[in-house]
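Here are some comments for a colleague at the bench, set out as numbered points to be read alongside the model.

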Amino acid sequence: MATTVENRQFHHEHVRSYSPNHQRSDSPIRDCNYPAVRQDVTTRKKVAADMYDTSDDDEDEVDYSDVIKKSNSELESSVFDPRDASTADLWIERNPSMVRLTGKHPFNSEPPLTKLMQQGFITPAALHYVRNHGPVPNASWDDWTVEVCGMVKRPTRFSMAQLIKEFPSKEFPATLVCAGNRRKEQNLTKQTIGFNWGAAGISTSVWKGVPLVHILKICGVYSRKKGALNVCFEGAEDLPGGGGSKYGTSISIEKAMDPARDIILAYMQNGEKLLPDHGFPVRMIIPGFIGGRMVKWLKRIIVTTSDSENYYHYKDNRVFPSHVDAELANSEGWWYKAEYLINELNINSVITTPCHQEILPINSWTTQRPYTLKGYAYSGGGKKVTRVEVTMDEGDTWSICNLDHKEKPNKYGKYWCWCFWSLEVEVLDLLSAKEVAVRAWDETLNTQPQNLIWNLMGMMNNCWFRVKTNMCKPHKGEIGIVFEHPTQPGNQPGGWMAREMSSDSSNQTLKKSVSSPFMNTTSLTFSMSDVKKHNSADSAWIVVHGHIYDCTAFLKYHPGGRDSILINAGTDCTEEFDAIHSDKAKKLLEEYRVGELITTGYTTDSAPSSPNNSVHGGTGITPIYQVMQAILNDLEDDTTMYLVYANRTEDDILLRGELDAWAHKYEDRVKVWYIVGRSVREGWKYSEGFINEDIMRDHVPEVGEDTLALACGPPPMIQFAISPNLEKMGYDIKNSLLVF
């Protein structure tokens, strides 16, 4: 699947209709029936004017339209991803560079950190991180309504047209952050209940919508004395399992009614209607709060005495003491202790430059110029980040960074966005440092702890962000510093924490779990073609780490719903399984093992769920892809790349869509040539057969002073096809060939 680059605006008037189901078994208010209340536009606006002054709501608003237009024009087009074809999200176009964190479905993703930072202060909507719990509602703008009920004097249902025409709007930038941002660092220490967010679970958009306080005042909220203490929000998505059919949460009435907090019902993001993944047609934006409070696809606002009774309000977004594990949390009712609920974000900062695996050559030119460290920082509750410091001696001394706040505070002095920091350092100081670490401070003098504090849900991780420095091998007479971030998002390999934890006892425990007492010790073996036949509710087989499991009997018991198994039935879903399952689930899976997978040739253990995810064994395209991506992401690098990519069949070509897109966008710098053992269709314009000298000479350049060959694949292919043919072309195999 090829992708192209174009200046694209993301309109979604074309989305199909959606019929909301108003039967809410898990609602805080069981019955929200009310007499119809009608107010014409003039009356409602007059009431609004009498209730509150809106004259300065738009005061000092900054126009970000040029920034948004520029970032969108530099972004590759969103596409229909084949990974969504078997899911309820098959109708949604998504940016191909997003790193999927939970396999095929539901869609949870973050952008590559380097790409996120290249966009600057405002994140394009298509690159904004996504947290979905289930399928995206296929909504219709014209039919959508938001119901306000509960402890209000005038229960009302508002259409989208009413929200836009009958209420004052507010537009401002706000940074959204998932409470699980940087969770993978916790998971590498000890597995949490949560998947592997990297450091890019953060994005900033310009949001436009109706202030919540206006809506509540129009509907006439009862007083606290009468019990109006909380405001609950409920979305429209139909969620599998999890104890509830909808996503819902709540905030206190004081926060909801506070005009200083800029809480809005947002219907526009970066000047366009919301994308489906971000809540089209309307969602909550609660600046300074964790993303989990900002309900998408908003259908109901309910004023209540108690806080939300929704499953996801209690079983998500909490930080427990480190000794509380899943068993203790359930047996002692920790989920219902209000003091562990998360609302406002905490202080945090991240190093983004140097990026992971960046190499800084050490020579007479680089040592005479300072190197600029860069990154982002944020805090919660509207607090301003006032200081960012960097240490290169493990905390003995700190250097104060330059701060770049690109937003103006609101009229109450609140800051809702991330800021950027930078610091020039001497290259010789980097050369002697073992690591570079950063910490931030906000106006209340909160700062980041030195060490990671583990908690069951892996949330609010904000320890010092550390980048390790190592000397890389000399190349062409030069040594260099290679920088290593702590982790890579999702199931991607890499990072100094992964390397250091590989010998940790916790990983040894995980390895031992493969030999659990429940293991089916059958010696039956099956091919992948055998597994593919078992792809229905009558017989649902999956492959995880080369083992085959029959999950048919478990379909009705799966907490995530039967559909999340069925969309993976007949496939290798190692990555999907590892991304979202606990050690307990991995042990439970062994009860259903029926055999082992026969692997031969170029067979992969698991297909990547994103361009950046790892391929376990198999063709090994991932390291080559990552090198190419790093080169293309460097705006100052003009390297020309030639890729010869061999597979058994055309269907086996992983990442073809992304590679073809690069070849189209960078036609002068990226040349791609495919080889397949056999062609399955007419019109195949590439090679058939095996790698040979003629193909190499036709599609690989002659050796030059600055030419480097990179190869990955089965050892016989390297030994008998690639190496000898490169030698015939004049390549020095010892110095000009790098094998992954």
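1. Which residue in S9 does Phe172 stand opposite? In this predicted model, the residue facing Phe172 is Trp207 of S9. The two strands concerned, S8 (residues 170-177) and S9, run antiparallel and are joined by 8 bridges.

2. Trp207 also has a counterpart in another strand, since it stands opposite Gln269 in S12. Here again the strands run antiparallel, with 5 bridges joining S9 to S12.

3. Strand S9, which spans residues 202-211, has 9 of its 10 residues buried, and it is therefore largely enclosed by the rest of the structure.

4. Asn270 deserves a separate comment, as it lies in the loop between strand S12 (264-269) and strand S13 (272-273). Is Asn270 buried or exposed? Its relative accessibility is 7%, and because the cut-off for buried is under 20%, Asn270 counts as buried.

5. Leaving aside residues up to four places away in sequence, Asn270 touches Ser205 and Val206, and its other contacts are Ile68, Ile122, Thr123, Pro124 and Ala125.

6. As for the protein overall, it has 21 helices and 36 strands, and buried residues account for 55% of its 740 residues. Of the contacts between residues at least 6 apart in sequence, 72% join residues at least 24 apart. The accessible surface comes to about 32400 Å², and carbon and sulfur atoms contribute 51% of that surface.

Technical notes:
Residues are numbered from 1 along each chain as its sequence is written. This is a predicted model: local features need pLDDT of at least 70, side-chain atom pairs count only at pLDDT 80 or more; totals for chains, interfaces and linings use all residues. Side-chain values use heavy atoms; hydrogens and water are left out. Helices (H or I, at least four residues) and strands (E, at least two) are DSSP runs, numbered from the N terminus. Buried means under 20% relative accessible area, exposed over 50%, partly exposed in between (1.4 Å probe, protein chains only). Contact means heavy atoms within 4.5 Å. Two strands pair if DSSP finds at least two bridges between them. Accessible areas come from the Shrake-Rupley method with a 1.4 Å probe; for residues, only the protein chains shown count as cover.
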